[in-house]
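Open the structure in your viewer and keep the selection tool ready. Each stop below names what to select and then says what is there.

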Amino acid sequence: MSNWENNVRKVVPYVPGDQPQYPDMIKLNTNENPYPPAPGVAEVLKNLNADVLRLYPKPDAHELAAAIAEECGVDFNNVFVGVGSDDVLGTAFLTFFKGDLPVLFPDVTYSFYPVWAELYNIPYETPALDGNFRIKKEDYYKPNGGIVIANPNAPTTIAEPLDFIEDIVKHNKDSVVIVDEAYVDFGGETALELTRKYENLLVVRTFSKSRNLAGMRIGFAIGSEKLISYMMAVRNSYNSYTMTTPSILCGEASIKDKAYFRKTVDKITATREKAVPELQKLGFTCLDSSANFLFATHKTVPAKEIFTKLREKHIFVRYFDKPRINNYLRITIGTDNEMQQLYAALSEILK
Ligand code: PMP
């Protein structure tokens, strides 16, 4: 009998939302942006000379990191770029969390955090959100090996103000605090300015949501030069060329088009504000959203049943069969037209 499997690293992976492929579907299940990327991105792809792909990309993703630095008002050395914010967060977990004390993040938050913790053998604890799905900041005042807060939180959609985040950072001078701002552009307050003041604060962002580029896989972190150089050293210890040449150039084009960014973000937040009363009319309650999605529960019909019936109509939303949130639906904000079709389907299902 062979024993090779004894030496295999066995993990329970993160399960991303479905990517169904129906021509008639309405896809509101993975918080993608319903609008195309900035026009400059299509230009880059049209004009890309395939010969540039013969060469390795710049390991520091130069044009992209420089454009991000300018946009965020920081130096080039304060920027870390990765293959989506999942890559950035995974690298940050590997870099900053190696102590014996538990890393802390809420019980209801982005479900990739416990997966990275398990993968890297990082001890962790998950303080419970309160009855209104709010983070209790006092839970983060005790000794720990690091802290991760998604703000706005996912899937709850709730954002905490900047002074709340600063308070947590102030109480944790001896560990790295990561603030995952995947959804901040849709209504949250960014902690970017605090990265100048606190050497141990890392802010993580993505191009997948507010920059309409989930398929290009671009994420980044902003932090002190020290934090970023530790992450670079870890990244360069397993893969120096994470960003492809097309992703560097498309990301740069996207970040330079501020007007398009503003326009699409505003369209999505306007659709979200109209969606809340529409869903209320149908018997739903939504948590107060600062993101490009809603977290909604129905007063009588179980979430799982609504999820299944919507899926039969090729309308995809996200359902988590997990304690505390198993009667909620996470609904990504689509175009106005897609949302109208959602309301029509829901009113049929609920009648
Ligand atoms: N953080 C949060 C809170 C998210 O919801 C997501 C999206 N799944 C990510 C990070 C990762 O997104 P991406 O890797 O596309 O940047």
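**Stop 1: two salt bridges in the loops**

Select lysine 142, which is partly exposed with a relative accessible area of 38%. Partly exposed is the class between buried, under 20% relative accessible area, and exposed, over 50%, with a 1.4 Å probe and protein chains only. The model is predicted, and local features need pLDDT of at least 70, side-chain atom pairs count only at pLDDT 80 or more, while totals for chains, interfaces and linings use all residues. Residues are numbered from 1 along each chain as its sequence is written, and side-chain values use heavy atoms, with hydrogens and water left out.

Now add glutamate 125, whose side chain meets that of lysine 142 in a salt bridge (2.7 Å, N to O). Lysine 142 lies in the loop between β4 (124-125) and β5 (146-150) and glutamate 125 in strand β4, so the pair ties together parts that are 17 residues apart in sequence. Helices (H or I, at least four residues) and strands (E, at least two) are DSSP runs, numbered from the N terminus. A salt bridge is a side-chain nitrogen of Lys or Arg within 4 Å of a carboxyl oxygen of Asp or Glu. Glutamate 125 is partly exposed, at 33% relative accessibility.

Next, select arginine 134 and glutamate 160, a salt bridge with the closest N and O atoms 2.9 Å apart. Arginine 134 is in the loop between β4 and β5 and glutamate 160 in the loop between β5 and α5 (162-170), so this pair ties together parts 26 residues apart in sequence. Arginine 134 is partly exposed, with a relative accessible area of 34%, whereas glutamate 160 is buried, at 7%.

**Stop 2: a salt bridge between helices**

Select lysine 197 and glutamate 166, which form a salt bridge with the closest N and O atoms 2.7 Å apart. Lysine 197 lies in helix α6 (residues 194-197) and glutamate 166 in helix α5, so the pair ties together parts that are 31 residues apart in sequence. Lysine 197 is exposed, with a relative accessible area of 56%, and glutamate 166 is buried, with 14%. How many salt bridges does the structure hold? The count is 20.

**Stop 3: a buried aspartate**

Go to aspartate 87, found in helix α3 (residues 84-96). Aspartate 87 is buried but has no salt bridge, and the nearest side chain of opposite charge, arginine 235, is 6.4 Å away. Lys and Arg count as positive and Asp and Glu as negative; His and the chain ends are not counted. Leaving out residues up to four places away in sequence, aspartate 87 touches Gly82, Tyr238 and Thr242. Contact means heavy atoms within 4.5 Å.

**Stop 4: a buried tyrosine**

Tyrosine 113 lies in helix α4 (residues 113-119). Is tyrosine 113 buried or exposed? Tyrosine 113 counts as buried, at 0% relative accessibility. Apart from residues up to four places away in sequence, tyrosine 113 touches Leu89, Phe93, Phe105, Val148, Ala150 and Asp180. Add glycine 90: this residue and tyrosine 113 are 23 residues apart in sequence and 8.5 Å apart in space, C-alpha to C-alpha.

**Stop 5: helix α2**

Select helix α2 (residues 62-72), whose buried residues are Leu64, Ala65, Ala67, Ile68, Ala69 and Cys72. Their cover includes β2 (79-82), β8 (219-222) and α8 (245-256). Finish at glycine 73, just after α2, which takes a positive phi of about 65°.
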